[in-house]
Amino acid sequence: MQHEIDRIDRKMLKHLQSDGRLSNAELAELVNVSPATCHRRTQKLFEQGIIKSVRAEISPDKVDRSALVMVGVVLDRSTPESFAEFETAIKKLDFVLDCHLVAGDFDYFLKIRVRDMADFNKLHGDKLIALPGVRQTRTFFVMKEVTDNAPLKF
């Protein structure tokens, strides 16, 4: 049974979104509860899937992945089987950060990080257009990232 997120949970989530490396003691102090209560609440947030994971955010330019590319994909058929086949194949590509099934002119939008335009061109020719069911792709090179992975407000 999922519990209702209260004011303390909201404060905990806000702080953890800002700094996932906070110790339990630091978080407890920030939300004004005992460390034991904080730990119990944090565990419950994990158990219920409210907090999915904790991981490091890496600076793409520091690891030679400064080019961000958005790709719209149109499949040749709109069937559950063609969607499933595409999704299975796309999950195997480690350069695809995000893949979203969308409504509108495209079937999927992909978020991809690469070294540069030449790197993307090779991936596009060797991997993307060879994916099952792909009829068309449209590529958008990101000129400036205004906001990325902003914290959820609730």
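**Close-up views of a predicted model**

**View 1. Helix α4 and its two sides.** On one side of α4, away from its buried residues, Pro80 and Glu81 are exposed. The structure shown is a predicted model. Helix α4 spans residues 80–90, and its buried residues are Ser82, Phe83, Phe86, Ala89 and Ile90. Viewed down the axis of α4, these buried residues fall within an arc of 135 degrees, so they line one face of the helix. The cover over the buried residues of α4 includes four strands: β1 (67–75), β2 (96–101), β3 (108–114) and β4 (134–141). Two residues of α4 also take part in ring pairing, as Phe83, Phe86 and Tyr108 are linked by ring pairs into a cluster.

**View 2. The largest nonpolar core.** This core has 21 residues. Those with the most contacts inside it are Val71, Val73, Phe86, Leu110, Ile112, Leu128 and Leu131. Two or more residues are given to this core by each of β1, α4, β3 and α5 (117–128). Strand β1 provides the largest share, five residues. Nonpolar side chains tend to be buried together in soluble globular proteins.

**View 3. Surroundings of Val71, and a separate core.** Which residues are in contact with Val71, leaving aside neighbours within four places in sequence? They are Tyr108, Phe109, Leu110, Ile112, Phe120, Leu128, Thr137, Arg138 and Thr139. Apart from the core of Val71 lies another core, of 12 residues, which includes Ile8, Leu16, Cys38 and Ile51.

**View 4. Aromatic pair Phe106 and Phe109.** The model contains six aromatic pairs. In the pair shown, the ring centres of Phe106 and Phe109 are 5.1 Å apart and the planes are at 65 degrees; planes over 60 degrees apart count as edge-to-face, so this pair is edge-to-face. Phe106 has 10% relative accessibility and therefore counts as buried. Phe109, at 26% relative accessibility, counts as partly exposed.

**View 5. Aromatic pair Phe120 and Phe141.** The rings of Phe120 and Phe141 form an edge-to-face pair, 5.5 Å centre to centre with 85 degrees between the planes. Because Phe120 lies in helix α5 and Phe141 in strand β4, the pair ties together parts that are 21 residues apart in sequence. Buried or exposed, where does Phe120 fall? Phe120 is buried, with a relative accessible area of 5%. Its partner Phe141 is partly exposed, with a relative accessible area of 32%. Phe120 is also among the residues in contact with Val71.

**View 6. Salt bridges of Lys111.** There are eight salt bridges in the model, and two of the partners of Lys111 are shown here: Asp98 and Asp148. The side chains of Lys111 and Asp98 meet at 4.0 Å, N to O. Lys111 lies in strand β3 and Asp98 in strand β2, so this pair ties together parts that are 13 residues apart in sequence. In the salt bridge between Asp148 and Lys111, the closest N and O atoms are 2.7 Å apart. This second pair links distant parts of the chain, with Asp148 in the segment after β4 and Lys111 in strand β3, 37 residues apart. Lys111 is buried, with a relative accessible area of 14%. Asp98 counts as partly exposed at 30% relative accessibility, and Asp148 counts as partly exposed at 37%. Side chains of opposite charge can pair when their charged atoms come close.

**View 7. Further salt bridges.** Arg77 forms a salt bridge with Asp76, and the closest N and O atoms are 3.7 Å apart. Arg77 counts as partly exposed at 44% relative accessibility, and Asp76 counts as partly exposed at 44%. Elsewhere, salt bridges link Asp6, Asp9 and Arg41 in a network.

**View 8. Ala130 in its loop.** Where does Ala130 lie? Ala130 is in the loop between α5 and β4. The relative accessible area of Ala130 is 57%, so the residue is exposed. From Ala130 to Val31 the distance is 51 Å, C-alpha to C-alpha, and the two residues are 99 residues apart in sequence.

Terms used: Residues are numbered from 1 along each chain as its sequence is written. This is a predicted model: local features need pLDDT of at least 70, side-chain atom pairs count only at pLDDT 80 or more; totals for chains, interfaces and linings use all residues. Side-chain values use heavy atoms; hydrogens and water are left out. Buried means under 20% relative accessible area, exposed over 50%, partly exposed in between (1.4 Å probe, protein chains only). The arc is that of the directions from the helix axis to the C-beta atoms. Contact means heavy atoms within 4.5 Å. A nonpolar core is a set of buried Ala, Val, Leu, Ile, Met, Phe, Trp, Tyr and Cys residues joined through side-chain atoms within 4.5 Å. Rings of Phe, Tyr and Trp (its six-membered ring) pair if their centres lie within 6.5 Å; planes under 30 degrees apart count as stacked, over 60 as edge-to-face and the rest as tilted.
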